[in-house]
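User: Could you take me through two parts of this model, reasoning from the geometry in each case?

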Amino acid sequence: MLKKFELVGKSLEEFQGNRLEFTSKFYEILLTVHPELRRFFNNKDLLKQKKMLSGLLIIISRRWRQPETLASILRRIGGNHFRYGVKPEYFTIFEEVFLMTLEIQMGSNWTEEMQQAWSQAFDEMIEWMLEGYEEEKNQTRSAATFVLRHKFS
Ligand code: HEM
């Protein structure tokens, strides 16, 4: 587990570029290549969005040695994404574009080893997000069933 995050954590610790510039580029590419995702951000403050993603990158760069802490943060974020109406398959799109942006940003410093490390770490992060997502979905369903049972029984 730690091995999976080591290169990712270290590359973020040593990240020389501007994180906000990176996340801005990321959203620009994401919403250009996948205009169908724009509806999620229409009424959102995109600068806040970019800052929140930068914040997550800072957390990963500080916490990659503590996978349980990362897991619990990502489960909570995953649960929030159920409430935003994000479909699970969109997480893979997010990962693809994130890796593409990193590759563009890193230029000749981007290696096959980094590609693999980032891809494995991102898969793990998405798994944690999906755990929180499913939990939130089940809780919402139980709450809705409870209300409906009282209304219609
Ligand atoms: C692995 C993939 C993703 C990561 C790591 C991620 C990360 C984050 C973070 C850190 C936040 C702020 C904290 C929170 O609200 O819980 C956030 C909020 C949000 N994300 Fe994501 N996200 C991902 C995928 C997506 C996708 C695919 C969409 C939509 C297509 C999306 C739409 C949103 C929206 C609408 C917000 C709320 C913004 C607000 O409240 O102003 N996210 N995301």
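The questions and answers below concern a predicted model and deal with one helix and then with a pair of helices.

User: How far does helix α4 reach from its first C-alpha to its last?

Analyst: Helix α4 spans residues 67–84 and so has 18 residues, for which a rise of 1.5 Å a residue leads one to expect 26 Å. The reach in the predicted model is close to that expectation, at 25 Å.

User: On the same side of α4 or on several sides, where do the buried residues lie?

Analyst: The buried residues of α4 are L70, L74, G78, H81 and F82. In an α-helix there are 3.6 residues a turn, so residues three or four places apart point the same way. The buried residues of α4 cover an arc of only 115 degrees around the axis, which puts them on the same side of α4.

User: Which residues are exposed on the other side of α4?

Analyst: The buried residues of α4 have a cover that includes α3 (46–63) and α6 (112–152). On the other side of α4, the exposed residues are E68 and R83.

User: Is α2 parallel or oblique to α5?

Analyst: The axes of α2 (residues 19–33) and α5 (residues 88–106) come within 9 Å of each other and cross at roughly 125 degrees. Because angles of 65 to 115 degrees count as roughly perpendicular and those over 145 as roughly antiparallel, this crossing makes α2, relative to α5, oblique.

User: Which residues of α5 make the contact with α2?

Analyst: The crossing of the two helices, α2 and α5, is right-handed. From α2, the contact is made by F22, K25, F26, I29, L30 and V33. From α5, the residues are V97, F98, M100, T101 and Q105.

Definitions and conventions: Residues are numbered from 1 along each chain as its sequence is written. This is a predicted model: local features need pLDDT of at least 70, side-chain atom pairs count only at pLDDT 80 or more; totals for chains, interfaces and linings use all residues. Helices (H or I, at least four residues) and strands (E, at least two) are DSSP runs, numbered from the N terminus. A residue is buried if 20 or more other C-beta atoms lie within 10 Å of its own, exposed if 12 or fewer, and partly exposed in between; C-beta atoms are placed from the backbone. The arc is that of the directions from the helix axis to the C-beta atoms. Two residues are in contact if their C-beta atoms, placed from the backbone, lie within 7 Å. Axes are lines fitted to C-alpha atoms, for helices over the stretch in contact, and angles run from 0 to 180 degrees between N-to-C directions. Angles under 35 degrees count as roughly parallel, over 145 as roughly antiparallel, 65 to 115 as roughly perpendicular and the rest as oblique. A crossing is left-handed if the near helix is turned anticlockwise from the far one by less than a right angle, and right-handed if clockwise.
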